[in-house]
Amino acid sequence: MATQFTGFFEFGRRDRIPSPIDPRTKLIDQAMVGQGLIKPEELVRIHEIGQQMDELRPQLPGAHALAQRAVQANQEERKRIKAEKKAAAEQRQTDHAARVAANRQNDIVYLGRGVSAGLADRRSHVEKLAERKLPLLATPADVAQAMGIQVKKLRWLAYHAEASTLSHYVQFLVPKKSGGERTLSAPHEQMAAAQRWILEHILQHLPAHDAAHGFVKTRSILTNATPHIGSAVVINCDLTDFFPSITVHRVIGLFRQAGYSPAVATILALLVTECPRRTVLYNGKAWHVATGPRGLPQGACTSPAISNLIARRLDSRLLGISRKLGWRYTRYADDLTFSIADRSDKIGYLLARIRHITGDEGFAINEKKTRVLKPAARQTVTGVVVNAQPSTSRRTRRRLRAILHNAQKTGLASQNRSRRRNFTGWLRGMIGFVAMVNPRQAVKLRERLASAREQS
């Protein structure tokens with residue numbers, strides 16, 4: 001009688017272990033044990049696990065549904081968390097944009113590459129400022145309020161750009177007396193107003209050195225020349241590129257030394273400095289491109305006062321070495337003058353020390369303009385002859401006498417060979433200059449001018 005096989009449709013399924021009572025399973029189990037592929041104990045354990053799986057199988061659909069619901073709930077929770085994070089990120093962006101907008105209205109945190117490092121520091125030395133009777137400023141908003149302008153206007157005036165389509169200055173060239181050309185930078189109205197405020201409220205409260213006579217009230221070219229009258233030796237030196245060599249970082253240091261915070265010092269320094277620029281055409285648009293570092297512009301009302309304050313240490317050191325050697329020292333802008341009453345054998349040593357000190361203080365001597373003047377030559381100090389008494393040059397006086405002499409015959413208008421707009425005003429100014437230096441030398445000149453005007 002043939003063997004009857006059961007469970008034909010279940011045999012070979014991969015999702016369950018066949019029953020041990022199935023004849024085909026028995027044959028396979030016997031063959032595997034006979035071949036030594038498995039031990040009888042292992043077969044028993046396998047079929048026990050299969051029976052446990054059959055007992056649990058009716059519960060699997062429910063468990064599967066539960067797992068699906070758990071997965072779905074997890075996915076929904078993840079979507080909810082993602083949406084919350086996205087909403088939070090959008091809110092942070094909105095808040096950041098609002099803070100940036102508020103900062104742009106009320107604060108300044110960036111003013112260009114290479115000059116913005118100190119804008120985050122708002123700590124001013126209040127005691128120093130109060131002692132010097134300077135405005136108490138600590139933040140950019142303080143500066144804008146003191147000047148009576150908005151923060152965004154202050155940012156626009158102080159911003160440093162290597163290339164810009166707009167410039168706060170009008171630049172033009174004027175011929176130098178010694179040859180070549182000098183670049184003058186005239187600030188536009190709004191920049192000029194900011195610079196006038198700085199000059200009146202800050203710079204004029206900081207005293208220049210006693211040796212400085214240029215751009216100082218109650219001092220002039222005459223006070224600069226007077227100490228050198230009747231000297232055995234007069235030495236004139238000239239500083240090269242005096243204003244441009246005073247860079248923005250030196251000016252920042254000046255305002256910080258006065259007591260202002262790095263933020264305020266940076267803004268003030270940017271308002272009173274400018275780069276030398278060249279106008280170029282790119283894509284049909286004019287660009288003002290920087291050709292050098294920011295420095296004091298010749299034409300700003302603040303540049304003379306700042307140059308005197310920056311040169312205080314230079315004046316102090318030059319005055320010190322001069323006194324040590326028995327010399328006198330004065331400075332008018334970039335003109336340095338040294339003199340001694342008696343003959344000296346230390347001229348070379350003094351010149352060497354002058355070169356060393358000026359270089360150490362960030363300046364340079366123009367060797368072509370250095371002059372050592374003895375009494376046999378005409379000794380001039382800032383245009384004033386100082387050999388025996390203060391006076392103007394003979395050439396100047398002779399020229400004025402010749403003009404006035406001829407004017408008595410042919411009239412003043414005929415002598416205006418330079419075609420000056422106000423020739424009479426120019427003559428009065430020149431005679432006034434002579435009178436300032438030596439009043440006695442101007443008496444006859446004034447009489448001749450009055451006579452010439454009566455005849456004209």
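**A covered helix, salt bridges and ring pairs**

Helix α10, spanning residues 262–271, is mostly covered, with 10 of its 10 residues buried. The model behind this and everything below is a predicted one. Going along α10, the buried residues are Pro262, Ala263, Val264, Ala265, Thr266, Ile267, Leu268, Ala269, Leu270 and Leu271. As for what they pack against, the list takes in four helices and a strand: α5 (140–147), α6, α7 (189–201) and α9 (248–258), plus β2 (169–175).

Turning to charged side chains, the structure holds 13 salt bridges. Helix α3 is a good place to start, with Arg80 taking part in two of them. One bridge joins Arg80 to Glu77, with N and O 2.2 Å apart. The two residues both sit in α3, 3 residues apart, or about one turn of the helix. The other bridge joins Arg80 to Glu84, at 2.4 Å from N to O. Here the spacing is 4 residues, again in α3, so Glu84 and Arg80 are also separated by about one helical turn. Why do such spacings suit a pair? An α-helix has 3.6 residues a turn, so residues three or four places apart point the same way. Side chains of opposite charge can then pair when their charged atoms come close.

How covered are these three side chains? Arg80 comes out at 37% relative accessibility and counts as partly exposed. Glu77, at 35%, is partly exposed too, and so is Glu84, at 45%. The cut-offs matter for that reading: partly exposed is the band between buried, under 20%, and exposed, over 50%.

Another salt bridge pairs Glu361 with Arg313, the closest N and O atoms being 2.8 Å apart. Glu361 lies in the loop between α13 (347–360) and β9 (371–373), while Arg313 belongs to helix α12 (residues 312–325), so this bridge ties together parts that are 48 residues apart in sequence. The partners differ in how covered they are: Glu361 counts as buried at 11% relative accessibility, whereas Arg313 counts as exposed at 52%. The pair does not stand alone, either, as Arg313, Arg317, Asp360 and Glu361 are linked in a network of salt bridges.

On the aromatic side, the structure holds 6 aromatic pairs. One of them brings together Tyr110 and Tyr159, whose ring centres are 6.3 Å apart and whose planes meet at 65 degrees, so the pair is edge-to-face. This pair links distant parts of the chain, 49 residues apart: Tyr110 is in the loop between α3 (60–106) and α4 (126–131), and Tyr159 is in the loop between α6 (151–158) and β1 (163–164). Both tyrosines are partly exposed, Tyr110 with a relative accessible area of 43% and Tyr159 with 36%.

Phenylalanines feature as well. Ring pairs link Phe242, Phe243 and Phe363 into a cluster. Phe363 also has a charged neighbour, since Arg250 lies over the face of its ring, at 4.7 Å from the ring centre.

Terms used:
Residues are numbered from 1 along each chain as its sequence is written. This is a predicted model: local features need pLDDT of at least 70, side-chain atom pairs count only at pLDDT 80 or more; totals for chains, interfaces and linings use all residues. Side-chain values use heavy atoms; hydrogens and water are left out. Rings of Phe, Tyr and Trp (its six-membered ring) pair if their centres lie within 6.5 Å; planes under 30 degrees apart count as stacked, over 60 as edge-to-face and the rest as tilted. Buried means under 20% relative accessible area, exposed over 50%, partly exposed in between (1.4 Å probe, protein chains only). A charge sits over a ring if NZ of Lys or CZ of Arg is within 6 Å of the ring centre and within 35 degrees of the ring normal. Contact means heavy atoms within 4.5 Å. A salt bridge is a side-chain nitrogen of Lys or Arg within 4 Å of a carboxyl oxygen of Asp or Glu.
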